[in-house]
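User: I'm new to this structure and would like a close look at one part. Could you take me through the empty spaces inside it, and then show me how a pair of helices pack together?

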Amino acid sequence: MVARQSEYIRAFLGGGDDEDRIATAHFLIGAVFLAVGGLMELLAIFSLRFSLLPISFGRLEPMANLTLMLGFAGVSLLGGVYYVLPRLTGARLWSVDLARASMILLSGLVAAGWFVIGLGLGGGRQPFGLPWWMHVPFALALILPAVVVIGTITRRREPRSFVTIWFVLGGVVWLPLLYLTYFASEIPGLSRLAISYTDLFFTAGFLTMFVLTVGTGLAYYSVVKEVDVPLASRQLAQIGFWSIGFAGVWWGSAQIIFGPGPTWVAGAAAAFGVAFPVGALANAANVSLTLEGRWGDLAEKPGITSAVLGLYGAVIVAVMASLGSFPTVASIVGLTAYWEAVEYAALLGVGTLLVAGLTIEALPRVSGRRLVGGGRAKTFIRLTVIGVGGVLLTLAAAGMVSGYSWLAGSNSAAYVDVGQGWGMGAAAADTLKLLGVAFAVVAFLGQLAYVSVITGTLFTGQAVSQEILVQNGLHDE
């Protein structure tokens with residue numbers, strides 16, 4: 001009975017190598033987490049405007065963050081890494097069993113985190129609100145993929161490294177380091193200010209040093225392989241990699257520039273925050289130059305369209321994050337819905353489009369099934385762009401209205417912007433928040449369309465010829 005179930009699972013995930021089956025499993029689990037996390041995020045945005053839910057925003061938002069960041073983005077992008085590594089290195093994954101164990105451990109911990117946070121047992125820290133004792137297994141689950149990736153790259157047989165190798169190696173190594181820094185702030189005696197900076201550093205770092213870094217690397221691979229064109233510039237890729245990897249993270253600290261922190265933080269956030277749009281623009285320009293003369297090929301390749309739009313969206317998000325890092329703007333948008341808008345667009349806009357940019361093109365290759373309904377993939381892209389774009393505009397505008405209301409209230413002596421005055425300023429943006437809820441519904445429908453593409457392909461897709469890894473002695477023991 002067990003052997004028959006094992007054969008069924010192997011057939012369901014594709015008849016190719018173990019590397020491709022483990023990538024398919026990551027894509028499927030990531031899609032499930034997107035559906036769950038997308039619903040949680042929709043309810044969290046709804047609770048910003050209405051107090052009708054039995055669970056407050058303070059619990060919904062950490063649950064959504066945990067599901068979307070580590071469940072969807074983490075699992076899906078790691079699946080993409082496992083997909084491209086054998087094809088770029090000519091070597092088998094260092095340990096498929098270790099990759100499978102990290103996937104199961106990470107998925108199980110995310111599910112356990114729902115109950116811990118929902119029952120009020122968490123520590124209350126952003127972005128996850130987990131208790132300290134859950135950080136240890138999470139750190140382990142994030143270290144294991146780095147071991148697999150480093151082990152695979154050290155065994156590579158290809159003499160030259162494509163730029164994707166830099167991006168995926170940097171992302172999977174930086175992620176556990178970011179999480180260990182986040183975990184280290186649980187040290188007793190650390191000031192609340194230091195903890196706040198650590199939390200913001202992790203959130204910003206996850207979105208730039210992992211999601212955007214790995215997602216961009218996978219986009220480079222997909223564009224070059226699927227369109228069959230050479231990469232325009234390795235130098236632009238290097239600029240994008242180093243700018244995003246080391247300086248883009250500073251937009252996190254910009255959210256509390258006018259707090260009780262040291263004065264040099266404002267200057268550092270403004271200066272280094274500029275690196276975020278510079279890196280994002282370099283990557284978007286590189287892909288645009290690569291596709292020069294081949295834009296017509298994108299009509300039948302929704303995955304590549306998704307990846308390109310994700311890179312363009314990263315430029316918009318980066319500009320808004322950098323703009324909010326300057327002290328004059330930060331004095332208005334700090335601690336407002338403006339930063340909720342930036343984080344939402346970075347994760348559910350840029351992150352989702354970049355993930356889909358690889359999975360939509362790779363899934364038929366690893367599963368041996370034809371992609372179900374090309375129209376679904378296009379619907380996903382359309383609804384995601386409209387929905388996430390709408391949330392970004394409305395919540396960012398709501399943040400600016402609230403910020404100006406607080407400043408006006410204080411400067412005119414109409415009210416003080418603390419206590420009840422805080423609520424008066426926030427209420428000035430209620431209409432914009434309501435529009436944000438409507439756009440979030442559209443974005444959620446787009447997320448469901450993506451999930452239907454992944455699950456529909458695996459469950460009902462017609463059998464097609466499957467890509468088998470045989471190059472460069474890949475099957476050698």
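Analyst: Happy to. Keep in mind that this is a predicted model. Let's begin with how empty space is found: rolling a probe the size of a water molecule over the atoms shows where it is left.

Searching the whole structure turns up three cavities of 30 Å³ or more. The largest cavity holds about 80 Å³ of space. If you want to find its walls, look for L207, T208, V211, L212, W251, F276, A314, V317, A321, V342, A346 and V350. Helix 7 (192-227), helix 11 (302-323) and helix 13 (337-367) are the elements that each give two or more residues to this lining. Helix 7 has the largest share, with four residues. As for chemistry, the lining of the largest cavity has eleven nonpolar residues, one polar residue and no charged ones.

Now for the largest pocket, where about 790 Å³ of space lies. It is lined by 33 residues, and Q126, Q255, T336, E340 and E343 are the closest to its centre. At least two lining residues each come from helix 2, helix 3 (57-89), helix 7, helix 13, helix 14 (374-411) and helix 15 (420-427). So which kinds of residue line the largest pocket: nonpolar, polar or charged? The split is 18 nonpolar, eight polar and seven charged. Helix 7 and helix 13 are worth a second look, as they turn up in the lining of the largest cavity and also in that of the largest pocket.

Helix 2, one of the pocket-lining helices, brings us to the packing part. Two packed helices are described by the angle between their axes and the distance between the axes. Here the pair is helix 2 (residues 18-49) and helix 16 (residues 430-460), whose axes come within 9 Å and cross at roughly 165 degrees. Angles over 145 degrees count as roughly antiparallel, and therefore helix 2 and helix 16 are roughly antiparallel to each other. Their contact is made up of 20 nonpolar residues, five polar ones and three charged ones. The crossing of the two, helix 2 and helix 16, is left-handed.

One last stop on helix 16 is D430, which is found in that helix. Is D430 buried, partly exposed or exposed? Its relative accessibility is 24%, so D430 counts as partly exposed, given that buried means under 20% and exposed means over 50%. You can also pair D430 with V401: the two are 29 residues apart in sequence, while their C-alpha atoms are 9.8 Å apart in space.

Note on methods: Residues numbered from 1 in each chain as written. Predicted model: local features only at pLDDT ≥ 70, side-chain atom pairs only at ≥ 80, totals over all residues. Heavy atoms only, no water. Axes fitted to C-alpha atoms, helices over the stretch in contact; angles between N-to-C directions. Parallel < 35°, antiparallel > 145°, perpendicular 65-115°, else oblique. Left-handed = near helix turned anticlockwise from the far one by under 90°. Nonpolar A, V, L, I, M, F, W, Y, C, P; charged D, E, K, R; others polar. Buried < 20%, exposed > 50% of the residue type's maximum accessible area, 1.4 Å probe, protein only. 1 Å grid on protein atoms, 1.4 Å probe; cavity = no way out; pocket = protein on both sides within 12 Å on 5 of 7 lines; lining within 4 Å. Points joined across faces, edges and corners; volume = space filled by probe spheres on them.
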